[in-house]
Amino acid sequence: MQPKPQHPITIAGAGLAGALLATLLARRGWAVEVFEKRPDPRRKGYEGGRSINLALAERGLDALRQAGLQDVVMAQAVMMRGRMVHPLGGGEQLQRYGRDDSEVIWSVHRGRLNIALLDAAEAAGAKIHFSHRLDGVDFDARRARFVNDHDRTARELDFEALLGCDGAGSGVREALRPRLALGERFEPLGHGYKELEIPPAADGGFRIEPNALHIWPRGGYMCIALPNTEKTFTVTLFLPMQGEPSFATLPDLAAARDFFARDFADALPLLPEFDADWTDNPVSGLGTLSLQRWHLDGRAVLLGDAAHAMVPFHGQGMNCAFEDCIALDRHIASSADFETAFAGFEAERRPNADAIQAMALENYVEMRDRVDDADYLLQRQLEVKLAERHPGRFMPRYSMVSFTTIPYATAFERGKVQRQILIEATRGRASLDEVDFDATDALVRERLAPL
């Protein structure tokens, strides 16, 4: 373990990852200072970025347990057992995520979670400075400059290491760009999103099934709805930016209403504030950010969305960032110096970030195009059956990602093998009764090593 430095570890960004990392490092006795460009949400009110609620899975829960925050977060979480699919022709259907209620994910409020993490960071001894935007870094002198955009004051701070937890628009990444060949690549999805809200019912309860993530798949686009503890649902329309249909073909409120009346007829009555939500809430873009380098020797490192922003369709952005925090804390604690720690962290996490980014993109196609297809439903049935027949060897990819801490890269590669087995076993078949289980069992034993 390296000796404690003269200057503090400095974290840019006091969002979910920055606050959690500050808690972990401060608890180990490091001097930690955090700078956040937004005002303190505990005093100014939460100024959200993307969706107000998030899907918390086992990786995120594992990190919260290690920070001692599981109980306070779970007290405000809503269980989601699976996907409630709403086909165009009606007749909703629940597709469970796992075997039973031991394998679920949780809808959590981004703002309340951030506040809980900020409180924990300060309780652990971290100092948090709000309304301070990173304005420049002298990496040779290990000095960072921060500006308060409200009163235009500036301050400079000497740091031992600068940790970039400041999101997809990272100021630390911007400062690193002239000094480091980042190998930066941003791939826009070509689809955007707009948020709406389902309010509570007249009796104060939920208007639709609360313990599910609702999906209205429409082939190429979709709506989803996640429950909140206030008995509301955050509804998100994902739609291409161009083409037919697209946000470009919805130039006004009347066109949007007609579109929903045609393609989401059962959802529209649940949205009494549709007109105001559509008018007031912007269309935001989506994309994947990847880097070939995450750190500058022992002086700076990027993590979370600053290093690997992803599309939200596997619900793993926050969970992946939390796992980054756990890994970086572990490498710092066990390494002789920051350079060794940062190199080890990047070597461990970059392949896993690449894997979950790819799986998130694949999951968008599955959610919008496949969840109501007969071939998908048969493969899903077989997947569950094979998991029962081969415990410890065959585990659905979604389960590996959401209900375990198996490395994302392992889940990705095993998922490819398992998908091929499912395709071969169900080709030309209409039901599980027609599947040759002897041959399929042999494929599982032949192609999949025990987990």
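This is a short tour of a predicted model, moving from the whole chain to its domains and then to two residues.

**The whole chain**

Begin with the full protein in cartoon view, where the secondary structure comes to 15 helices and 19 strands. The radius of gyration is 23 Å, close to the 22 Å that the globule rule gives for 451 residues, so the protein is as compact as a globular protein of that length. If you orient the C-alpha trace along its principal axes, it spans about 70 × 55 × 40 Å.

Next, colour the residues by accessibility: buried residues make up 55% of the 451 residues. Switching to a surface display brings up an accessible surface of about 18600 Å², of which 49% belongs to carbon and sulfur atoms. With the charged side chains selected, there are 53 positive and 65 negative charges, and the mean positions of these two sets are 3 Å apart. A contact map would add that, among contacts between residues at least 6 apart in sequence, 70% join residues at least 24 apart.

**The domains**

Now colour by the domain assignment, in which domain 1 is made up of the segments 9-78, 109-185 and 287-360, while domain 2 covers 189-286 and domain 3 covers 373-447. If you then place a marker at the C-alpha centre of domain 2 and another at that of domain 3, the distance between them is 33 Å.

**First stop: Thr-10**

Select Thr-10, which is found in strand S1, residues 9-12. Is this residue buried or exposed? Its relative accessibility is 0%, and Thr-10 therefore counts as buried, the cut-off being under 20%. To see what surrounds Thr-10, show the side chains of the residues it touches beyond four places in sequence: Glu-33 and Phe-35, then Phe-146, and finally Leu-157, Phe-159, Ala-161, Leu-162 and Leu-163.

**Second stop: Phe-247**

Move on to Phe-247, in the loop between strand S16 (233-240) and helix H7 (253-263). Although it lies in a loop, Phe-247 counts as buried, with a relative accessibility of 10%.

Which residues is Phe-247 in contact with, once neighbours within four places in sequence are left aside? They are Gly-192, Tyr-193 and Lys-194, together with Leu-237, Leu-239, Pro-240 and Met-241, and also Trp-278 and Val-283. To finish, draw a C-alpha to C-alpha distance from Phe-247 to Val-283, two residues that are 36 residues apart in sequence and 8.1 Å apart in space.

Methods
Residues are numbered from 1 along each chain as its sequence is written. This is a predicted model: local features need pLDDT of at least 70, side-chain atom pairs count only at pLDDT 80 or more; totals for chains, interfaces and linings use all residues. Side-chain values use heavy atoms; hydrogens and water are left out. Domain bounds come from an automatic or database domain assignment. Helices (H or I, at least four residues) and strands (E, at least two) are DSSP runs, numbered from the N terminus. The radius of gyration is taken over C-alpha atoms; the globule rule is 2.2 Å times the number of residues to the power 0.38. Buried means under 20% relative accessible area, exposed over 50%, partly exposed in between (1.4 Å probe, protein chains only). Contact means heavy atoms within 4.5 Å. Accessible areas come from the Shrake-Rupley method with a 1.4 Å probe; for residues, only the protein chains shown count as cover. Lys and Arg count as positive and Asp and Glu as negative; His and the chain ends are not counted. The place of a charge is taken as NZ of Lys, CZ of Arg, CG of Asp or CD of Glu.
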